Amino acid sequence: MHEVRKFPLHATGDLTFEMPARADLLHVAVQNGKPCLWARVNPKAGMTGRRVRVAGTGQPLGTDTGRHVGSFVLANGADVYHVFEVV
C-alpha cells in the first residue's frame, strides 16, 4: 500500500531526505507560507537518503541535476525556486 508524504524544504542548495526506497517525487508547492515536497512512498520499504537541489532562477544548477520536480514562488512572486532530483 502506498501513501503520500510531505517533506518541508527548509533551504536552498542540496537537501537530503530520509524516505522509503523508490519513492516517487510528485509535486512541489507552498503550504502555509512554507515550501514543501510531496512524494508517493511505500511505507514498508527500507529507508534511503534522497537528494534534491533547490535553486533560485538564475542560480547555477551543476551537472548532476536530474528531473525537474517542480517550482515554487515566495515573496509575492518576487522569488522563484526550482527543485531538481540530484543523480
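This is a short presentation on the fold, the core and several individual residues of one predicted protein model.

Good morning, colleagues. I shall begin with the chain as a whole. The structure before you is a predicted model. Its secondary structure amounts to seven strands and zero helices. Following the sequence from start to end, one reads the pattern β-β-β-β-β-β-β.

As to overall dimensions, the C-alpha atoms occupy a box of roughly 40 × 30 × 15 Å along the principal axes. The radius of gyration is 13 Å, which agrees with the value near 12 Å that a compact globule of 87 residues would have. Of the 87 residues, 36% are buried. Among contacts with a separation of 6 or more, 59% join residues 24 or more positions apart.

The surface deserves a brief word. About 5300 Å² of the chain is exposed, and carbon and sulfur atoms supply 52% of that area. The chain carries 10 positive and 7 negative charges, and the mean positions of the two groups lie 6 Å apart.

Let me now turn to the interior. Which residues have the most contacts inside the largest nonpolar core? They are Leu9, Phe17, Leu37, Val52 and Val83, in a core of 17 residues. Strands β2 (13-20), β3 (24-31), β4 (34-41), β5 (47-56), β6 (65-74) and β7 (79-86) each supply at least two residues of this core.

Leucine 9 is a good place to look first. This residue is found in the loop between β1 (3-8) and β2. Is leucine 9 buried or exposed? Its relative accessible area is 6%, so leucine 9 is buried, the cut-off being under 20%. Setting aside neighbours within four places in sequence, leucine 9 is in contact with Leu15, Phe17, Val28, Pro35, Cys36, Leu37, Val52, Val54, Phe72 and Val83. One of these partners, cysteine 36, is 27 residues away from leucine 9 in sequence, yet the two C-alpha atoms are 5.1 Å apart in space.

Leucine 37 is another of the core residues named above. With neighbours within four places again left aside, its contacts are Arg5, Lys6, Phe7, Leu9, Phe17, Leu25, His27, Val28, Val52 and Val69. That list includes Leu9 and Leu25, and the second of these is our next residue.

Leucine 25 has its place in strand β3. At 3% relative accessibility, this residue counts as buried. Beyond residues up to four places away in sequence, leucine 25 touches Met19, Leu37, Trp38, Ala39, Arg50, Val52, Arg67, Val69 and Glu85. How far is leucine 25 from lysine 44? Their C-alpha atoms are separated by 17 Å, with the two positions 19 residues apart along the chain, counted as a sequence separation.

Strand β3 also holds valine 30. At 34% relative accessibility, valine 30 counts as partly exposed. Its contacts, not counting residues up to four places away, are Pro35, Phe72, Val73 and Leu74. Valine 86 lies 56 residues from valine 30 in sequence and 21 Å from it in space, C-alpha to C-alpha.

I move next to the beginning of the chain. Histidine 2 lies in the segment before β1. With 49% relative accessibility, histidine 2 counts as partly exposed, because the exposed class requires over 50%. Which residues does histidine 2 contact, leaving aside its neighbours within four places in sequence? They are Arg40, Val41, Asn42 and Pro43. The C-alpha atoms of histidine 2 and valine 41 are separated by 5.4 Å, although the two are 39 residues apart along the chain.

Finally, I would draw your attention to two asparagines in loops. Asparagine 32 is found in the loop between β3 and β4. Its phi is positive, about 55°, although asparagine 32 is not a glycine. The relative accessible area of asparagine 32 is 76%, and the residue is therefore exposed.

Asparagine 76 sits in the loop between β6 and β7. Its phi is near 55°, again a positive value in a residue other than glycine. At 87% relative accessibility, asparagine 76 counts as exposed.

To close, the predicted model presents a chain of seven strands and zero helices, with a largest nonpolar core of 17 residues. Leucine 9 and leucine 25 are buried, whereas asparagine 32 and asparagine 76 are exposed. Thank you for your attention.

Notes:
Residues are numbered from 1 along each chain as its sequence is written. This is a predicted model: local features need pLDDT of at least 70, side-chain atom pairs count only at pLDDT 80 or more; totals for chains, interfaces and linings use all residues. Side-chain values use heavy atoms; hydrogens and water are left out. Helices (H or I, at least four residues) and strands (E, at least two) are DSSP runs, numbered from the N terminus. The radius of gyration is taken over C-alpha atoms; the globule rule is 2.2 Å times the number of residues to the power 0.38. Buried means under 20% relative accessible area, exposed over 50%, partly exposed in between (1.4 Å probe, protein chains only). Contact means heavy atoms within 4.5 Å. Accessible areas come from the Shrake-Rupley method with a 1.4 Å probe; for residues, only the protein chains shown count as cover. Lys and Arg count as positive and Asp and Glu as negative; His and the chain ends are not counted. The place of a charge is taken as NZ of Lys, CZ of Arg, CG of Asp or CD of Glu. A nonpolar core is a set of buried Ala, Val, Leu, Ile, Met, Phe, Trp, Tyr and Cys residues joined through side-chain atoms within 4.5 Å.
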